[in-house]
Amino acid sequence: MVRMRFSKQLTSLAILCACSGCSHVAAYERGVVARPDMTASDLSGRAAQHATEVHEGAARSGAVSEAGCGCN
Amino acid sequence: MQLRTALLLAASLASSWLAEARADGGRLDVRASSEVGAYSDTDHVAVLTPSISGHLGDPAAGWSVDGWYLVDVISAASVDIVSTASRRWTEVRQAGDARAAFKPHDLGVSVEGSVSSEPDYLAFAAGGYVTKDLDDRNLSLVLGYGYGHDTIGRTGTPFSIYSHAFDHHAMSAGLTRLIDRRTVLAIAADVTLESGDSSKPYRYIPLFSPEVAPTVQAGATVQEVSRLRSPETVLERLPLSRDRFGVTARLARRTPRATIRIESTIYDDSWGIKAFSADGRDLVDVGARFSLGPHVRYYVQSPVTFWKLAYVTNGDSVPAFRTGDRELGPLINLTIGARAKWDVGPASSPDAWNLVATFDTTYTRFLDDLYITERVSALGTLTLEASW
């Protein structure tokens, strides 16, 4: 329960940090962030992802790779 | 059989949408890729991993479907296998997944399903995500949920004779923020609740008397362990539930001639593992069609609370929980590698076809383990991607 509360607080803090101090990017200015290597997804292929999962006892986070970048 | 049915269903859906989209005059995004990965390490494990994937979508209409299929061919004669007087084994795993997404405007949904099959392990998973763009698409939020059901058995024994179930619920929440015209930040939190017995039915744990256990050294050889251990041997036994928590941040920034990506994760779980990882890439443009750059990854974790170098037996009693899984013990990984991408498409669209090659070598230091204290592994991949 304490861990859940800590995770929520950490997430809220992260959202606050992410939303502050950013400049507004208009649709016509998003050419660079639309590049494939700027995606929020992991660049690793399936084999590399699997090797990392096997080598590390901590589960890798999945949600980052699912988040859209807002530019597509 | 279920995998084939799922793939056929996905292909059927894709072909009907393709026909409909073409009839509407929409511009389709069609991509396909093929990857081959080869892994080898100093613990005598080798894996060959060919995979294929495809993507079909209509960006204007907001829909897409993706499919992926992979085969792992694993050959192992690791020290853990040798310590149980077993011979090298070879095993084949097949896995696939399919995904459909629909995002006509700022609100999107996606569903996905996956299956993985090997002689002693069968896994199904399904889940979905909801995404919402805010602030004129400068901010995207995502919420996801997935459920997985695994059946763990023994090779050569039907699941109906021997198997146990393992279930997991995964919840995630994340956001992606455009910091400026050249910088993207993504942050996500994940919670995974697992229940069931994930103990390996082949993993035997040596036991030691209370007098001998303190004398066992990290890295003790198979022969030393055989000499020191008690006659009793027990199978691995893990707690029947586990709650995992992770927070990941990923930042991508484009400079005039390079893309820099950094990522970090902090992790905690109810078994006691605390972990931290940091990952960095720099992809430098070398000419109009070629990019090349280094990759560095660092990972460190503490052990589960029931981790012991030498488990103690007192006559009839044995530890309630015991494991020999090194990835549950204290360890440090350092990965160094490189990635190269070569656009080989026509002059009008050079990146329509591209080749991506990666090579990573990982040094692992096991801090409190029997048999081995370090491992060096190498993974190389070659991917051909095409789009139309």
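**Exercise 1. Look at where the two chains meet in this predicted model. How many residues does each chain bring to the contact, and which strand of chain B gives the most?**

Step 1. Start with the head count: 66 residues of chain B and 41 residues of chain A take part in the contact.

Step 2. Now look for the main contributor on the chain B side. That's strand 8 of chain B, residues 164-180, which gives 10 residues to the side touching chain A.

Step 3. Sort that side of chain B by class. You get 28 nonpolar, 22 polar and 16 charged residues.

**Exercise 2. Follow strand 8 of chain B to its neighbours. Which strands does it pair with, and in which sense?**

Step 1. A reminder before you trace anything: strands of a sheet pair through backbone hydrogen bonds, and they can do that in a parallel or an antiparallel way.

Step 2. Take strand 7 of chain B (residues 139-152) to begin with. It runs antiparallel to strand 8 of chain B, and 14 bridges join the two. To find your place in this pair, look for B:Val142, which sits opposite B:Gly174 of strand 8.

Step 3. Then go to strand 9 of chain B (residues 183-196). Strand 8 of chain B is joined to it by 14 bridges, again with the strands running antiparallel. Here B:Ser172 faces B:Asp190 of strand 9.

Step 4. Check the turn as well: strands 8 and 9 of chain B make a hairpin, with 2 residues between them.

**Exercise 3. Get an overview of chain B. How many helices and strands does it have, and what span does its C-alpha trace cover?**

Step 1. Count the elements: chain B has 3 helices and 19 strands.

Step 2. Read off the extent along the principal axes, which is about 75 × 50 × 40 Å for the C-alpha trace.

Step 3. Ask how much is tucked away. Of the 388 residues in chain B, 30% are buried.

**Exercise 4. Split chain B into its domains. Where does each one run, and what do they share?**

Step 1. The domain assignment gives domain 1 as residues 1-104 and domain 2 as residues 105-387 of chain B.

Step 2. Place them in space: the C-alpha centres of these two domains of chain B lie 18 Å apart.

Step 3. Count the contact between them. Domain 1 of chain B brings 36 residues and domain 2 of chain B brings 32.

Step 4. See which elements supply the domain 1 side. Helix 1 (2-23), strand 1 (29-41), helix 2 (79-83) and strand 4 (89-102) of chain B each give at least two residues. By class, that side holds 16 nonpolar, 10 polar and 10 charged residues.

**Exercise 5. Find the partners of strand 19 of chain B. How many bridges does it make with strand 1 and with strand 18?**

Step 1. Strand 19 of chain B covers residues 374-387, and its antiparallel pairing with strand 1 of chain B has 11 bridges. One place to spot this is B:Asp41, whose bridge partner in strand 19 is B:Ser377.

Step 2. With strand 18 of chain B (residues 353-366), strand 19 also pairs in the antiparallel sense, this time over 13 bridges. Here you can look for B:Trp353 and its partner B:Ala386.

**Exercise 6. B:His44 and B:Tyr371 both have positive phi values. Is each one buried or partly exposed, and why?**

Step 1. For B:His44, phi is near 65°, although the residue isn't a glycine. You'll find B:His44 in the loop between strand 1 and strand 2 (45-58) of chain B.

Step 2. Count its neighbours: B:His44 has 14 other C-beta atoms within 10 Å, so it is partly exposed.

Step 3. For B:Tyr371, again not a glycine, phi is near 75°. B:Tyr371 lies in the loop between strands 18 and 19 of chain B.

Step 4. B:Tyr371 has 20 other C-beta atoms within 10 Å, so it counts as buried; the cut-off for buried is 20 or more.

**Exercise 7. Turn to confidence in chain A. Which helix has the lowest mean pLDDT, and which element has the highest?**

Step 1. Overall, chain A has a mean pLDDT of 68, with 51% of its residues at 70 or more.

Step 2. Among the elements of chain A, helix 3 (residues 63-66) comes lowest with a mean of 34, while helix 2 (residues 46-55) comes highest with 88.

Step 3. Check the weak stretch: over residues 60-72 of chain A, pLDDT stays under 50.

Terms used. Residues numbered from 1 in each chain as written. Chains lettered and ligands numbered in written order. Predicted model: local features only at pLDDT ≥ 70, side-chain atom pairs only at ≥ 80, totals over all residues. Contact = placed C-beta atoms within 7 Å. Helix = DSSP H or I, 4+ residues; strand = E, 2+ residues; numbered from the N terminus. Nonpolar A, V, L, I, M, F, W, Y, C, P; charged D, E, K, R; others polar. Buried ≥ 20, exposed ≤ 12 C-beta atoms within 10 Å, placed from the backbone. Domains from an automatic or database assignment. pLDDT = per-residue confidence, 0-100. Pairing = 2+ DSSP bridges.
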